[in-house]
Amino acid sequence: MRSAPEKITLIGAGLNGPLLAILLRQRGFGVELFERRPDMRRVRVGAGRSINLALSTRGIHALHQAGLWQRMLGVIIPMRGRMMHSIAGDLTFQPYGKNETEVINSISRAELNIALMCAAEEQGAAIHFNQRCTGYDLKTGSIRLRNQETGEKTTRDAGVVIGCDGSASAIRSEMLKLNRFNLSQQYLDYGYKELTIPADFHGRHQLEIHALHIWPRGNYMLIALPNIDGTFACILFLPFEGADSFASLNSQADILKFFESQFPDAASLMPHLPDNYFANPTGSMVTIKCSPWHVEGRALLLGDSAHAIVPFFGQGINCGFEDCTSLMELLDRQGADWPRVFTEFERERKVNSDAIADMAVENFVEMRDRVGDAHFLFRKKVELALEAKYPRRFVPKYAMVTFHRVPYSVAMVRGAVQDRVLAELCDSVDRIEDLDWKKADYLVHRDLAPLEIAQ
Ligand SMILES: Cc1cc2nc3c(=O)[nH]c(=O)nc-3n(C[C@H](O)[C@H](O)[C@H](O)COP(=O)(O)OP(=O)(O)OC[C@H]3O[C@@H](n4cnc5c(N)ncnc54)[C@H](O)[C@@H]3O)c2cc1C
């Protein structure tokens with residue numbers, strides 16, 4: 001290994017920045033982080049910015065590597081499946097996985113961020129708050145900073161710079177000045193808003209705790225994830241424009257009428273709904289793809305700065321954390337040969353982040369529309385039955401993405417093949433008992449080789 005450089009500068013102390021800092025400190029690198037926001041351990045997080053995350057296998061693997069997973073066990077809530085709410089208030093539960101170990105975990109973004117920042121500091125990383133990166137000099141490698149409280153501007157030599165500064169990355173903006181830098185950004189016509197279902201009078205959850213609740217309504221949906229304090233963090237996804245949109249819900253009366261007609265059981269649990277609605281900002285959702293992700297061996301984009309994705313597969317941070325562990329594997333293998341490590345990192349990760357970006361957009365339609373459909377639920381049952389019979393050959397796409405560390409690109413390609421197999425098996429039947437198992441046996445062995453599953 002070449003001798004470690006003096007320092008690595010990370011821009012952004014969101015979720016990926018501090019995790020990367022821990023992993024780099026474990027390998028002996030000097031690490032400084034610059035974060036534009038104040039320290040959330042001292043200042044309250046802004047309204048509507050505390051949305052929960054669903055952590056799954058890839059993210060958990062990274063937290064294990066950082067020695068943090070045990071600490072997180074006290075602040076996560078396992079969710080075993082989707083609980084669908086019809087307009088009439090009927091509930092349908094659809095398990096995510098084949099058994100009780102295949103769950104996703106609800107965690108508050110702020111709790112996770114705080115745990116990561118504390119651990120990064122314990123490992124010796126320095127975090128500078130209220131420091132907005134306003135530029136990166138592609139030639140000299142220095143960064144420009146502005147203190148958000150005092151307005152003071154500084155320039156610092158930065159060593160190796162890694163942009164962990166999210167979907168509106170300042171480092172990526174500088175890279176736009178490179179010759180032949182590719183950037184695509186695709187906004188959804190839908191926005192989102194955070195709402196809350198409070199705990200009951202005794203501080204208990206008012207809905208089933210071990211589930212991700214969904215109110216699928218075709219063109220829009222509401223979801224709710226449990227918090228450890230008895231509340232549920234809800235997210236309303238609505239079109240920006242048109243009928244039943246953020247543009248059309250303008251008054252307290254509009255909101256109450258909309259919720260009471262579309263999500264009546266949720267509305268009855270939200271006494272502060274209109275206030276909550278107007279207090280929280282409306283967020284937008286974007287898919288960002290770009291290349292290259294690095295400037296020689298001097299600067300790299302990682303996490304949302306390199307590949308922001310829409311949230312419908314619950315994979316944004318799981319993918320970002322997998323970036324961090326992949327980078328460490330390369331570093332352990334190649335040493336701090338940054339040009340080589342960054343080139344291989346992009347080669348390995350881009351095809352996979354592109355795949356999860358596309359699958360996340362597809363999953364939006366599934367969540368808001370198809371999860372309420374009886375035939376869709378039947379197909380999900382058949383998927384689990386096929387997995388039970390052919391455990392390594394037929395692994396549902398959701399499971400490959402969520403419960404395994406199969407490369408996302410492999411999950412996408414195999415998922416498409418499996419969809420065709422499912423279509424052939426399910427299109428003319430709607431009961432498991434009527435499934436043609438001989439045909440299933442033939443199709444599965446013809447079309448699906450055994451899958452390599454990393455433990
Ligand atoms: C509604 C919603 C729901 C989601 N649900 C899930 C989920 O269930 N599961 C999942 O895995 N993912 C989910 N995600 C995605 C996940 O939130 C992101 O993938 C993740 O936050 C990306 O982490 P990051 O560290 O790359 O960027 P961020 O978390 O955005 O952090 C970037 C940090 O950089 C700082 N920063 C930005 N610009 C500058 C600058 N110029 N100078 C200094 N600092 C700067 C920011 O203040 C921030 O702290 C969801 C996203 C949304 C919007």
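Is Lys380 buried or exposed? Select Lys380 to find out. This is a predicted model.

**Stop 1: Lys380**

Lys380 sits in helix H12. Its relative accessibility is 15%, so Lys380 counts as buried. The cut-off that matters here is 20%: buried means under that value. Now show what surrounds the side chain. Leaving aside neighbours within four places in sequence, Lys380 is in contact with Gln94 and Glu366.

**Stop 2: H12 against H15**

Stay with helix H12, which covers residues 374–389. Add helix H15, residues 437–447. Two packed helices are described by the angle between their axes and the distance between the axes. Here the axes come within 12 Å and cross at roughly 70 degrees. That angle makes H12 roughly perpendicular to H15. The crossing is right-handed.

Which residues of H12 and H15 meet? On the H12 side, select Ala385, Leu386 and Lys389. On the H15 side, select Trp437, Ala440 and Asp441. Colour the residues of this contact by type, and you get four nonpolar, no polar and two charged.

**Stop 3: H1 against H4**

Move to helix H1, residues 16–26. Then add helix H4, residues 109–122. Their axes lie 8 Å apart, at an angle of about 30 degrees. That makes H1 roughly parallel to H4. H1 passes H4 in a left-handed crossing.

Now light up the contact. H1 brings Pro18, Leu19, Ala21 and Ile22. H4 brings Asn113, Leu116, Met117, Ala119 and Ala120. The residues of this contact divide into eight nonpolar, one polar and no charged.

**Stop 4: salt bridges**

How many salt bridges does the count come to? The count is 25. Visit three of them, then a network.

Start with Arg27 and Asp332. Their side chains meet in a salt bridge, 2.8 Å from N to O. Trace the chain between the two: they are 305 residues apart. Arg27 is in the loop between helix H1 and strand E2 (31–34), while Asp332 is in helix H10, residues 316–334. The pair links distant parts of the chain. Turn on the surface. Arg27 is partly exposed, with a relative accessible area of 26%. Asp332 counts as partly exposed too, at 49% relative accessibility.

Next, select Arg80 and Glu100. They form a salt bridge, with the closest N and O atoms 3.2 Å apart. Both partners sit in loops. Arg80 is between strand E4 (77–79) and strand E5 (81–85). Glu100 is between strand E6 (91–95) and strand E7 (104–108). They are 20 residues apart. Arg80 is partly exposed, with a relative accessible area of 32%. Glu100 is exposed, at 58%.

Third, pick Asp323 and Arg349. This salt bridge spans 2.8 Å, N to O. Asp323 lies in helix H10 and Arg349 in helix H11 (residues 338–368), so the pair ties together parts that are 26 residues apart in sequence. Are these two residues buried or exposed? Asp323 is buried, and so is Arg349.

Now the network. Select Asp39, Arg41, Arg42 and Glu121 together. Salt bridges that share partners join these residues into one network.

**Stop 5: Met175**

Go to helix H5, residues 170–175, and pick Met175. Its relative accessibility is 0%, so Met175 counts as buried. What does Met175 touch? Leave aside neighbours within four places in sequence. The contacts are then Leu138, Phe181, Pro292, Trp293, His294, Val295 and Leu301. Now use the distance tool on the C-alpha atoms of Met175 and Ala299. They are separated by 9.4 Å, yet the two residues are 124 places apart along the chain.

**Stop 6: Met367**

Finish in helix H11, at Met367. At 9% relative accessibility, Met367 counts as buried. Not counting residues up to four places away in sequence, Met367 touches Arg82, Ile214, Pro216, Met221, Ile223 and Phe312. One last distance: pick the C-alpha atoms of Met367 and Gly218. The gap is 8.9 Å, with their positions 149 residues apart along the chain counted as separation.

Note on methods: Residues are numbered from 1 along each chain as its sequence is written. This is a predicted model: local features need pLDDT of at least 70, side-chain atom pairs count only at pLDDT 80 or more; totals for chains, interfaces and linings use all residues. Side-chain values use heavy atoms; hydrogens and water are left out. A salt bridge is a side-chain nitrogen of Lys or Arg within 4 Å of a carboxyl oxygen of Asp or Glu. Helices (H or I, at least four residues) and strands (E, at least two) are DSSP runs, numbered from the N terminus. Buried means under 20% relative accessible area, exposed over 50%, partly exposed in between (1.4 Å probe, protein chains only). Axes are lines fitted to C-alpha atoms, for helices over the stretch in contact, and angles run from 0 to 180 degrees between N-to-C directions. Angles under 35 degrees count as roughly parallel, over 145 as roughly antiparallel, 65 to 115 as roughly perpendicular and the rest as oblique. A crossing is left-handed if the near helix is turned anticlockwise from the far one by less than a right angle, and right-handed if clockwise. Contact means heavy atoms within 4.5 Å. Ala, Val, Leu, Ile, Met, Phe, Trp, Tyr, Cys and Pro count as nonpolar, Asp, Glu, Lys and Arg as charged, and the others, Gly among them, as polar.
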